[in-house]
Amino acid sequence: MARRYDSKIAKVSKVVHNYQYDITFQVAQLYSRLKAWAPHCILCFYTYNSLSGRLYQIEYAMEAISHAGTVLGVLAKDGVVLAAEKKVTGKLLDLSGAKAGGYGGSGEKIFLLNSNMIGGVAGLTADANSLVNYARSAAQRHLLAYNDDIPVELLAQKLCDLKQGYTQFGGLRPFGVSILYAGYDPHYEFQLYHSDPSGNYSGWKATCIGANNGTAQSLLKQEYKDDIVVKDAIGLVLRTMSKTMDSTTLSSEKLEFAVLTLDEATKTPKAKIYRPAEIDALLQTEGLIKKDDDAEMKST
């Protein structure tokens, strides 16, 4: 009787082994065919390290960001300045919310994350909206638990933890967004952070993300000073944007602007996202406002 069962077990084991071998062989064949057809399409299923140690999906996300509108941030002694280039423009675009100074700006590049933080995004706007909502929820949960505004670096860490998770688990893709965080907390006062799709973040005195970021950073290295104040930082940001934007025009139609300062009376952070008329006034003050070619032809 024992020999009979042993022989049956041996047969079943052989069948299972052959089945596993067939499945493994089929998967290997499919892999080789896909690899021959498109070398990197395997990465569509999972984020694997290549043989050279690279994560292609993260590199693809970084490439998408390099074609996005420029976002520039400068840290000053008494505040932080953010400026961003808008890509979605047009005469038929409804900007009534932005003109009225609606909460969170125009909803494309610069967002109010908390009462003590502003964020500037470069990359896929839909991904940015998801991360902005997550950041706002995290900031409110911290406020509810501790009755205090969330520290700037802590909120950046929370967002980066979420970003890093999307590079590690199957069925997910990295967020195609880089973010500049401008914030204030009593511990470290004014701060400027940058995070990328991999989940890394770093603190900066002045930096740029998006298109032409290399040119912008070269200009910032030449003109930035450690003792710069907000008034001078505004001029530096506008001059740098005028030299690096892909657009031939510089006006409120293609530019977003925000400043984070400290209220002198209450000693609390005050975030201001500028309205289009205020941006035009700033450009006029700096002598940087440019008109469209069509407008110039009409005036002549």
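How many of the 7 residues of strand β2, residues 79–85, are buried? Before I answer, let me say that what we have on the screen is a predicted model, and I will speak about it as such. The answer is that 7 of the 7 residues in β2 are buried, so described with buried taken as under 20% relative accessible area.

Let me stay with that strand for a moment. In a regular strand the side chains alternate between the two faces of the sheet. For β2 both faces are covered, with Gly79, Val81, Ala83 and Glu85 buried on one side, and Val80, Leu82 and Ala84 buried on the other.

Now to the partners of β2. Strand β1, which spans residues 71–76, runs antiparallel to β2 and is joined to it by 6 bridges, and the two strands form a hairpin with 2 residues between them. If you would like a landmark in that pairing, Leu75 stands opposite Val80 in β2. Strand β9, residues 255–262, also runs antiparallel to β2, in this case joined by 7 bridges, and here you can look for Val81, which stands opposite Val259 in β9.

Let me move on to strand β6, residues 189–195, which is mostly covered, with 6 of its 7 residues buried. Strand β5, residues 177–185, pairs with β6 in the antiparallel sense over 7 bridges, and the two form a hairpin with 3 residues between them; within that pairing, Gly183 stands opposite Gln191 in β6. β6 also pairs with strand β7, residues 201–203, again in the antiparallel sense, over 3 bridges, and Ser195 stands opposite Tyr201 in β7. These two strands form a hairpin as well, with 5 residues between them, and in the turn Gly199 has a positive phi of about 100°.

Finally, let us turn to a helix. Which residues of α8, residues 276–286, are buried? They are Pro276, Ile279, Leu282 and Leu283, and when we look down the axis of α8 these buried residues fall within an arc of 120°, so they line one face of the helix. The general background is that an α-helix has 3.6 residues a turn, so residues three or four places apart point the same way. On the face of α8 turned away from its buried side we find the exposed residues Ala277, Gln284 and Thr285. Just after the helix comes Gly287, which takes a positive phi of about 70°.

Conventions:
Residues are numbered from 1 along each chain as its sequence is written. This is a predicted model: local features need pLDDT of at least 70, side-chain atom pairs count only at pLDDT 80 or more; totals for chains, interfaces and linings use all residues. Side-chain values use heavy atoms; hydrogens and water are left out. Buried means under 20% relative accessible area, exposed over 50%, partly exposed in between (1.4 Å probe, protein chains only). Helices (H or I, at least four residues) and strands (E, at least two) are DSSP runs, numbered from the N terminus. The arc is that of the directions from the helix axis to the C-beta atoms. Two strands pair if DSSP finds at least two bridges between them.
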